[in-house]
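Colleague: I am new to this structure and would like a close look at a single part of it. Could you take me through that part slowly, and then place it in its wider setting?

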Amino acid sequence: MRRTYLGEFEEIVLLMVAILDGEAYGVSVSQELERQTGRLVTFGAIHNTLIRLEEKGFVCSELGGATTERGGRRKRLFSITAYGSRTLQDIQQQRSQLWQLVPPTSLKVSGS
Amino acid sequence: MKSPTPPRWAQRLLTWLHPADTLEEVEGDLQELYTYWYQQSGKRQATLRYLLNVLSVLPPFVRQRKRKEDFYQPYLLSPDMIRNYLKIAFRNLWLNKLYSLLNLTGLSVGLAASVLILLWVQNELSFDDYHHQADQTFRVTNTLKVSDEPWVWSNSPLMLGEAALREVPGIERVTQFKKPWQALAFRINNDLRSEENAAFVDSTWFASFDYHFLLGDPKRALDEPNSIVLTESKAQNWFGEPAAAMGKMVRLDSLDMVVRAVVRDNPPNSSFRYDVLLSNVQNRERSHDENWNNFNYQLFLQLKAGTQPEKIGQQLTQLYHTYKKDSSITASLIPLRDIHFNTTFQSDSLPKGNRRTVTTLGLVGLLILIIASINYVNLATALTSQRAKEVGVKKIIGAGRKRLFAQFMTESTLLTLLALGLALAIIRLCLPLFNNFTGHQFTLDFQNGTLWLLLLGSIGLTILLSGVYPSLLLSSLEPVKVLKGGNVLSSKNTHFRQGLVIVQFTISIILIVSTIVIFQQLRFAQTQDPGYQREHVFTFQMPYSAGASTPNNRDFIKHRLRELHGVVGVTSANQSIVDLQSKHSGSLKWEGRPEEYEPTVAQFSVEPETRSVLGLNLAQGRWFQEDMKLDTANVILNETAVKTLGLKAPVVGQWFEFQGRRGQVIGVVKDFHFRSYHQKIEPMVLFYNPGWQMQVFARISPGAAARLLAEAERIWHERYPETPFRYTFLDESFDRLYQAERKAGQLFNVFANIAILISCLGLFGLATFSAERRTKEIGVRKVLGASVTSIISLLSRDFVILVLIALALATPVAWYAMHQWLQDFAYRIDIEWWVFVLAGTLAVGIALLTVSFQSVKAALMNPVKSLRSE
């Protein structure tokens with residue numbers, strides 16, 4: 001099957017959406033990313049990535065959840081699609097298959 | 001707690017620049033983040049990070065969310081869409097037959113007129129452009145400083161060309177031509193043909209200038225001394241067909257010549273309008289020309305690349321010093337391309353253009369196109385309310401603005417293309433007339449790139465002018481408003497349309513005023529007494545080439561003419577009185593002349609009979625008399641001369657020296673116009689020198705012209721069997737002085753008519769539209785007792801006001817333009833107020849007539865009909 005290419009950052013953001021499980025939107029994704037990986041990225045990078053993920057069909061979105069701290073503006077909530085979760089699982093599976101093939105000695109850091 | 005707010009200007013920046021469909025969520029997210037940062041690391045940090053992050057979601061960094069397409073939307077210019085545009089366009093054109101017809105007529109007439117005129121303008125502007133060496137080709141100009149005004153000659157001595165080629169470095173090639181003084185008479189198979197458009201040229205001529213050889217060898221066409229080259233049409237005229245001309249004999253005087261080549265006719269933008277080119281070697285006057293004092297040749301130099309024309313000019317001036325021993329002549333070079341518009345030369349035989357006429361006509365052509373486009377704009381926008389529903393429904397179904405724009409542009413393009421088809425037909429029909437008028441041979445030759453450029457240019461301009469505004473307007477209508485009903489057009493739109501009508505009528509009125517003023521000035525020139533009598537006088541010139549026997553022949557012919565029944569008088573002079581070019585300077589002396597004062601005067605050689613034949617009036621003294629032997633040394637002055645030269649009273653009887661002969665001033669002749677009214681009357685000296693009189697005048701009684709001319713020709717051939725008899729009537733050559741003005745007048749007349757016609761077509765359309773829209777109103781008014789006249793005036797008033805505003809705008813512009821035009825005349829009319837009143841009345845009258853056609857119809861309609869239709 002020809003899989004749509006998923007970039008490293010895209011994969012991380014997609015994972016964040018999965019982690020947040022229905023509570024993912026721009027702010028929460030960026031805060032979660034910072035908390036889990038320590039990466040500080042601009043909001044624009046996350047915004048663009050989310051749009052791209054949606055275009056590729058990994059996530060879907062809807063507007064909702066206006067709060068006062070946002071000045072009454074709605075947020076766009078993202079959730080992972082079936083296709084998205086399958087892709088993540090595929091990646092995970094492929095990785096572990098590959099891990100199986102790595103001879104244990106080759107990953108040993110010399111000297112330890 | 002009030003949450004902290006980020007900088008307002010950054011928020012505004014975001015609102016402006018961030019894509020609209022993700023704005024809400026991004027604004028909210030950033031606000032939330034700002035609060036988060038604020039609480040975490042304080043205001044300063046938060047603001048900084050906020051700014052950075054705002055920047056990250058502005059274009060070009062931000063990604064546009066793709067709109068979810070709920071339906072299939074074809075590409076804007078896909079074949080299906082284009083087919084749809086065309087179908088709708090045709091249906092609409094067909095639906096509004098009247099408006100389409102009005103538009104079509106206006107556009108096609110406008111296009112035809114402007115394409116024709118631009119054809120001419122383009123031709124004028126591209127004179128001599130087509131020679132591939134035009135950039136390096138220059139003509140020698142000679143400037144002779146005598147007295148106060150310099151004489152500028154286009155002719156050079158034959159010797160100069162030879163000397164230049166020999167001694168001046170940087171000259172690639174020299175070529176020259178000489179136009180014979182009079183028409184040449186050729187004998188072809190015993191037929192005598194007089195040929196005006198003949199010239200003697202150097203053998204380098206065809207290497208210097210581009211000719212398209214149909215027959216014969218371009219490189220060697222004029223190598224042999226007795227060669228002659230004809231243009232296609234001349235060959236056709238002389239020999240039946242071009243191919244038959246090759247190698248045929250042609251006899252000029254006693255020389256036999258052979259046709260060596262046939263070239264394609266001169267293009268209309270060529271300065272060299274010669275149909276017969278003869279090898280210069282056999283020019284009989286050549287020996288006479290081998291002399292530094294005879295300026296008979298136009299000398300063209302082709303310079304090597306990088307040579308400075310100024311330098312060459314100085315070196316040529318030096319040649320005059322060395323060989324002619326004359327330091328009063330300066331030579332300079334004028335680029336070949338500039339010759340056509342340069343009018344500083346005294347009697348340049350090449351045809352001249354007037355840059356101002358060219359610009360004016362180009363502008364007028366453009367204006368006509370604008371007027372025609374305005375019609376379309378006006379009618380299309382007026383019909384907006386009819387099309388509004390269509391636009392609304394289409395938008396709701398999902399048509400974007402671009403698609404609607406494309407659709408309306410298709411409509412205007414389609415109409416313009418249809419108009420182009422019609423315009424081409426009109427042009428084809430009018431082309432012979434136009435060629436006759438301009439004296440050029442234009443053809444609708446579709447292989448010609450310039451024609452295509454012109455057509456495409458005017459079409460493009462028309463589509464742009466007519467299509468863009470209505471398309472923008474129509475495609476901008478908002479579906480909700482439209483479908484709710486009500487007035488979709490703001491009053492701004494109506495004002496815009498009215499503004500355009502004003503523009504149309506302003507242009508039309510300016511053209512009308514110009515036409516009236518031009519014809520008035522022409523009438524003035526026609527009716528003003530020039531100071532001599534030009535009716536019933538024909539004149540002809542004795543052949544120069546005939547040599548010593550000429551005075552004898554002249555007297556013979558004069559004598560024989562006098563004997564004819566119906567001839568009132570016969571006389572001779574040096575030149576025709578209608579346009580006397582002969583000038584003299586240097587030899588004038590009289591009592592009280594200031595030193596160094598060397599005026600230039602016109603010189604007119606007359607004889608005793610001249611006064612009665614030409615009807616000149618004396619102010620003082622007497623005319624030359626037959627029995628006064630001394631009169632050949634005496635002179636008569638005109639009134640201007642007495643004033644300019646400052647002769648003290650009594651003038652008659654004073655001594656006067658002219659051309660080395662001292663005599664008396666025997667009389668003063670009343671001023672008469674011996675040139676056109678463009679020029680002021682100059683000082684003139686009339687003298688009596690029978691050797692200087694090659695122009696014969698004969699006054700005849702009215703009605704005898706045909707018989708007497710036949711007799712005169714017979715007498716002429718007794719002495720000159722080889723030369724055709726060529727005469728002109730004075731009143732005809734008088735009229736010819738104003739030929740350019742008359743043509744301009746006719747042209748403006750045509751244009752004014754076209755402009756008015758097109759404007760009225762538009763007005764008619766608008767009136768129809770407004771009458772249709774107000775059908776109900778009129779019905780109600782009639783039911784309530786309005787009279788037919790009041791309704792007509794109601795419907796017409798709006799339009800008449802527009803025309804009046806146009807009149808107010810046009811008056812100063814037209815006045816200024818015509819004032820400028822009249823400055824060209826030394827003797828001119830004043831522009832009177834009634835011209836504007838007349839133009840205004842005409843415009844208002846025509847507009848009223850146009851509108852009333854509709855308003856009367858509307859006013860006479862039975863109100864029952866209009867009110868019933870719901």
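Colleague: How many bridges join S19(B) to strand S24 of chain B, and do the two run parallel or antiparallel?

Modeller: Please keep in mind throughout that this is a predicted model. Strand S19 of chain B, which spans residues 600-605, is joined by 4 bridges to strand S24, residues 684-687 of chain B, and the two run parallel. Within this pairing you can find Phe604(B) standing opposite Leu686(B) of S24(B). S19(B) also pairs with strand S17, residues 583-585 of chain B, through 3 bridges, and here the strands run antiparallel; in that pairing Ala602(B) of S19(B) is the bridge partner of Lys583(B). As for its surroundings, S19(B) is mostly covered, with 5 of its 6 residues buried.

To place the strand in its chain, it helps to turn to the domains, of which domain 5 of chain B covers residues 544-722 and domain 1 covers residues 8-56. The C-alpha centres of these two domains, domain 1 and domain 5 of chain B, lie 99 Å apart.

Chain B also meets a partner, since 21 of its residues are in contact with 21 residues of chain A. On the chain A side, the elements giving two or more residues are helix H2 (26-37), helix H3 (43-56) and strand S2 (75-80), and H3(A) supplies the largest share, 8 residues. Sorted by class, that side of chain A has 6 nonpolar, 7 polar and 8 charged residues.

Notes
Residues numbered from 1 in each chain as written. Chains lettered and ligands numbered in written order. Predicted model: local features only at pLDDT ≥ 70, side-chain atom pairs only at ≥ 80, totals over all residues. Contact = placed C-beta atoms within 7 Å. Nonpolar A, V, L, I, M, F, W, Y, C, P; charged D, E, K, R; others polar. Domains from an automatic or database assignment. Buried ≥ 20, exposed ≤ 12 C-beta atoms within 10 Å, placed from the backbone. Pairing = 2+ DSSP bridges.
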